[in-house]
Amino acid sequence: MLNSKALLCPRPSRAAAVKYLLIVILLVIIQYLDIAAGKHWQTTRHYKFNVRQSNVTRLCNTKPLITVNGQYPGPTIFAQEGDRVIIKLVNHVKDNVTIHWHGIRQLRSGWADGPGYVTQCPLQTGMSYVYNFTITGQRGTLWWHAHISWLRASVNGAIIIYPKPHVPYPFPKPYKEVPIILGEWWNADTEKVIQQALQTGGGPNVSDAYTINGFPGPLYNCSNDTFVLNVNPGKTYLLRVINAALNDELFLAIANHSMTVVEVDAVYVKPFQTDTLVITPGQTTNVLFTANATVNVGGVNQFYIAARPFATGGGTFDNSTVAGIVRYNISNSNTSSTIMMPKLPALNDTSFAANFSAKLRSLATSQFPALVPQTVDKKLFFTIGLGLNPCPKGMGNATCQGPNGTRFTASVNNISFILPNTALLQSHYFKQMKGVYKTNFPDNPPFPFNYTGTPPNNTLAVNGTRVKVLPFNTTVQLILQDTSIFSTDSHPVHLHGFNFFVVGQGVGNYDESTDAPNFNLIDPVERNTVGVPKGGWAAIRFRADNPGVWFMHCHLEVHTSWGLKMAWVVKNGKGPLQTLPPPPSDLPPC
């Protein structure tokens, strides 16, 4: 029979007890310090987006506008780096709807990325869907928008991501932060505008005005809505600028003030001063400006903040200027009614745009390193551009209203992408790609030619749904080359699911032997949308470390509608941290 005392745990010695207590205290201190440093800090932020029609009046024209929560632009999402964000989207309109969280990496959360028929089927009337993602390793300004047809004309808003607790900005703290969303106002229904263009094969009608935070400003006829920023003399402001326009790159300036660029696409950059920004659709730019204008008694105390297009293509565009007002708060009301107007570059000033882009450099510090791949596993060369297809037999002139009785098209490596009727990500995950997509997207164009010179006659685009497959963690170098098949144009290309480094840009045809040795592999700018210059090229590098299906497309909405888009399939890696999880139970059916 066992002694009952032998079953009792032996009493620890006093020294062992003290040692155990010290270990517990040390662990508590470490946990506290980690939280104070921003580690393990996560807040779950909940939002509800009701998509509804709201009557909105601009330019003396009242129209039913599709909005989120009745707001135009939509509500701002606020978060901190590391936060989990949960947004319940409810569709109350007749149109199909999805939302894309533009620039969010969506690490292993591709089901929440949002492009219609790429990562999900759209929400039909009465449906709801919960977007659930964690913001990992990002801080700054991004944005959200509808990602089906042209609904993002009014369905969009800002995403503001603050640094982790107790982590300061790498620039002087501003007195105030202000989102500046640049958009377009259409008196017409944008869905009918693009539907008509696709039916006729011609170019779409253009917008009636540009807007700043939804307001066209005083330079348009019958416009009673102006964005006003009241400032205190001597204070510094952070403007979070977003280009949400459908089809126009824009110049932006503030009269009699300079700006300091400190961030693009939610990535800090080496600060530089400029009088004017150039920003493509899809891009964001954070700038500091100080209210340091001399305001004398009886003098000017109001200054226009104005934007107008940077236009490089051959088609029609909205050649107008939007303005808001920067107004100084001064005690003496005896001031001039004059409002100073900034001098903006010429509409086609490609040299200004190129010089501006060349100044963008990553911080490349120990705290904010530039992790540009120094070697690449896969080199790809994609031609991008517009083209013309001949009028199909049996179709009348009403459906072939492009130049000389043709139809407009757009393509990547001569493939004009066709969205399927079911979501690519679901087809990939369940291995049901047959009849949905093919995996033979070409690494190069079908044949080399003088891409920016006189094009050959055999460059007709082929319609198809093809994807490029990458093994997990592949390092990729991609050359994006504009073409002159119809006419050269600049193209803001957006890659979902990744940031990339712009290691080089140039005019003319890319030449591996002379251009590659000049790539910047030290501090290239890191972003999610790159402006490929008119008649030129851009070289980007990224690491395919995010399993799923990821859209890449021109962010000029008309070019996307014509087919300038494609998708990447990134395979799973090893283990659960490198594997796409199953779809959520409320994923909308196709």
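In this predicted model, the largest cavity is lined by Tyr72, Pro73, Ala153, Asn156, Ile181, Leu182, Gly183, Glu184, Thr211, Gly214 and Ala244. Its volume comes to about 60 Å³. Strand 9, which covers residues 176-185, supplies the largest share of this lining, with four residues. Sorted by class, the residues around the largest cavity are six nonpolar, four polar and one charged. A search of the whole structure turns up five cavities of 30 Å³ or more, and the second largest of them is a useful companion to look at next.

The second largest cavity holds about 40 Å³ of space. Its lining is made up of Gly385, Leu386, Gly387, Leu388, Asn389, Thr409, Ser411, Thr459, Leu460, Ala461 and Ile485. Two elements, strand 21 (378-390) and strand 22 (406-412), each give two or more residues to this lining. Strand 21 is the main contributor, giving five residues. By class, five nonpolar and six polar residues surround the second largest cavity, and no charged residue takes part.

Two lining residues of the largest cavity, Tyr72 and Pro73, lead on to a point of backbone geometry. The peptide bond that runs from Tyr72 to Pro73 is cis, and its omega lies near -5 degrees. Most peptide bonds, by contrast, are trans. Pro73 sits in the loop that joins strand 2 to strand 3 (77-80). Asn69 belongs to the loop between strand 2 and strand 3 as well. Although Asn69 is not a glycine, its phi is positive, at about 55 degrees. Most residues other than glycine have a negative phi. With a relative accessible area of 31%, Asn69 is partly exposed, since that value falls between the limits of 20% for buried and 50% for exposed.

A second asparagine shows a positive phi, too: in Asn256 the angle is near 65 degrees. Asn256 is located in the loop between strand 13 (249-254) and strand 14 (259-264). Its relative accessibility of 48% puts Asn256 in the partly exposed class, because only values over 50% count as exposed.

Strand 2, which precedes the loop holding Asn69, is also part of a sheet. Four strands make up this open sheet, in the order 2-1-4-6, and their pairing is mixed. At its edges lie strand 2 (61-68) and strand 6 (128-134), each of which pairs on one side only. On average, neighbouring strands in the sheet are turned by 20 degrees against each other, direction ignored. Strand 1, formed by residues 44-58, pairs with strand 2 in the antiparallel sense, and eight bridges connect them. Within this pair, Val51 stands opposite Val68 of strand 2.

Stepping back to the whole chain, the secondary structure amounts to six helices and 33 strands. The radius of gyration is 26 Å, close to the 25 Å that the globule rule gives for 590 residues, so the chain is as compact as a globular protein of that length. The C-alpha trace spans about 105 × 70 × 55 Å along its principal axes. Of the 590 residues in the chain, 55% are buried.

Methods: Residues are numbered from 1 along each chain as its sequence is written. This is a predicted model: local features need pLDDT of at least 70, side-chain atom pairs count only at pLDDT 80 or more; totals for chains, interfaces and linings use all residues. Side-chain values use heavy atoms; hydrogens and water are left out. Two strands pair if DSSP finds at least two bridges between them. Axes are lines fitted to C-alpha atoms, for helices over the stretch in contact, and angles run from 0 to 180 degrees between N-to-C directions. On a 1 Å grid over the protein atoms alone, a cavity is a set of points where a 1.4 Å probe fits but cannot get out, and a pocket is an open set with protein on both sides within 12 Å along at least five of seven lines; lining residues have an atom within 4 Å of a point. Grid points are joined across faces, edges and corners, and a volume is the space filled by probe spheres set on the points. Ala, Val, Leu, Ile, Met, Phe, Trp, Tyr, Cys and Pro count as nonpolar, Asp, Glu, Lys and Arg as charged, and the others, Gly among them, as polar. The radius of gyration is taken over C-alpha atoms; the globule rule is 2.2 Å times the number of residues to the power 0.38. Buried means under 20% relative accessible area, exposed over 50%, partly exposed in between (1.4 Å probe, protein chains only).
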